Amino acid sequence: MKFEDRTRCDRTPAWAALHAHYQNSVKDFDVRDAFAQDATRFENFSQAAPHVFADLSKNRLDATTQNLLIDLAKQCGIEAHRDAMFAGSAVNNTENRAAMHWLLRRPSAGHKFFENQLVAGINTAYVAMNNIANNDATGVGKSNSDEVQQTLSSMLAFAEHIRADAQFTDIVNIGIGGSDNGPRMVTQALDAFATTGKRLHFVSNVDGAELAAVLKQLKAENTLFIVSSKSFTTLETITNAHSAKAWFAANYPKKSELSVADKGIARHFVALTSNVKAAQAFGISTTFGFWDWVGGRYSLWSAIGLPIAIAIGEQNFRDLLAGAAQMDAHFCTAPLTHNLPVRLGLLDVWYRNFHGFTSRCVAPYHSALKRLPAYLQQLDMESNGKRVDAKGEVLPFATATLVWGEPGTDGQHTFFQVLHQGSDTVPVEFVVVKRERHGLAGHQEKLLANALAQSQALMLGKTDPNGHKHFPGNRPSTTLLLDDLTPASLGALIALYEHRTFVAGSVWGINSFDQWGVELGKALATDIEKRFQTGDLSGLDASTHGLMRKLAE
């Protein structure tokens, strides 16, 4: 049975049972009472996965809820849908494409993590995934697998060449969406592993102020521009690329090189694209491509990761891939009851559809992860922010939540007030890293104390006759704990979020791999831009007509 033809989640027995359970037993569930009644609650509602330990015990869950959610996953065909994705089936049904981002991070045989750090079950899964990827009958095909490894090796070799080239002091990544969010987040998160001294800059907004602010810091002869666009037609990216090219030509000191087949452009610009012809027409001779089964928000593992590789080097980039592959293997093999991406995805469904919570706060207690909430906004909200199912039928229930957040402890002094005493209940996700790498005495203990104290305060609250000082408590939170922020642990964390998003979307019957919602605004912007040039305002709605007149004054 095709995924889009299965029984809709709200028509399954498990959904009805969850609704009854919520109304009859859980509507007034208090986590504080649950801890008082169960001395083993922490052990029962926490688990380890590759590189990540998750404490789910402060959530509004009991054993019955967990069992019913697992029943829901089974009745919605989560396992079959997952296996179809890993077999290379066209799970992106609206575009008739596979979603094989997992293949990008399948490490070469003998990688140290798979030799030394995996339990037998996960190692078995890795072998099974290898067999899938090398079996032409699956549709994935050995040729795809070989192409991935060849492209990866070429990209990493180029990255090492740039790392070793003292002329390049600044790297500018020009992209938007997944071509910006992933590389920007990861390079910042792994700054402790960046050893070359090269400065990385990211430009995404078509607002020229962003590019101008970067360019004024640079010398043309010392700069490498990376143009990241699968189609090489993305409006924001190509506009910025042409402006960067014009600036480069105007500021490059060796004018003679520019006049001979654009040698300066060819050396100082590289493209990450599938449209090699367009890149060559731009003047770029070095390109690294990727495949139509690589979605933008899942692309940091591909050639789009070039700025990451330049920042942290080949071995660290391979470790990033390996950490993600470990989480892939966990997702593929762990039973649903102890499968962390499944448990988190089902928790999202539980909170959205039964408790009615509309948002989720992500609070990373590590400053290097400051871009993680923004990265997760695209991953979660672009994947599952849809009101129709995979067949295009309008769903009668809510889907994706709003994802937002800032690092602790900054968030404590800005928006945590609404988390503790606001009228809406917002589940909070604390991402905590045990070990630090900065070596400054006294900071890490204070940081960890604040993370634990905030989750404790959200749960316990405070009774006070003065209403201004009363905290209701029973506010749910999850803590994801990493021993250290390394390439491998970050890779595992990102893959965990990817699969969690897939699980929630799968329950809802959503195609999590398309993004038609971003297209309408693009088309209208093209029309309006032409109207700015021609002055033709005919046929516009009254508001847009009035605003354009105002802008023309």
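**Exercise 1: two helices**

In which hand, left-handed or right-handed, does H23 cross H24? Work this out on the predicted model, then describe how the pair packs and what makes the contact.

*Solution.*
- Start with the crossing: H23 passes H24 in a right-handed way.
- Next, the geometry. H23 covers residues 519-534 and H24 covers residues 542-552. Their axes sit 11 Å apart, at an angle of about 45°.
- Now classify that angle. Under 35 degrees would be roughly parallel, and 65 to 115 would be roughly perpendicular. About 45° fits neither, so H23 and H24 are oblique to each other.
- Then pick out the residues that touch. H23 brings Ile528, Arg531 and Phe532, while H24 brings Thr544, Met548 and Leu551.
- Finally, sort them by class: the contact of H23 with H24 has 4 nonpolar residues, 1 polar and 1 charged.

**Exercise 2: a cysteine pair**

How many disulfides does a search of the whole structure find? Take Cys9 and Cys76, and explain why their sulfurs are not bonded.

*Solution.*
- Run the search over the whole structure and you get 0 disulfides.
- Check Cys9: the closest cysteine sulfur belongs to Cys76 and lies 5.2 Å away.
- Compare with the cut-off. A disulfide needs the two sulfurs within 2.5 Å, so 5.2 Å is too far for a bond.
- Flip the view to Cys76: the nearest cysteine sulfur is that of Cys9, and Cys76 is in no disulfide.
- Last step, accessibility. Cys9 has a relative accessible area of 0% and is buried. Cys76, at 2% relative accessibility, counts as buried too.

Conventions: Residues numbered from 1 in each chain as written. Predicted model: local features only at pLDDT ≥ 70, side-chain atom pairs only at ≥ 80, totals over all residues. Heavy atoms only, no water. Axes fitted to C-alpha atoms, helices over the stretch in contact; angles between N-to-C directions. Helix = DSSP H or I, 4+ residues; strand = E, 2+ residues; numbered from the N terminus. Parallel < 35°, antiparallel > 145°, perpendicular 65-115°, else oblique. Left-handed = near helix turned anticlockwise from the far one by under 90°. Contact = heavy atoms within 4.5 Å. Nonpolar A, V, L, I, M, F, W, Y, C, P; charged D, E, K, R; others polar. Buried < 20%, exposed > 50% of the residue type's maximum accessible area, 1.4 Å probe, protein only.
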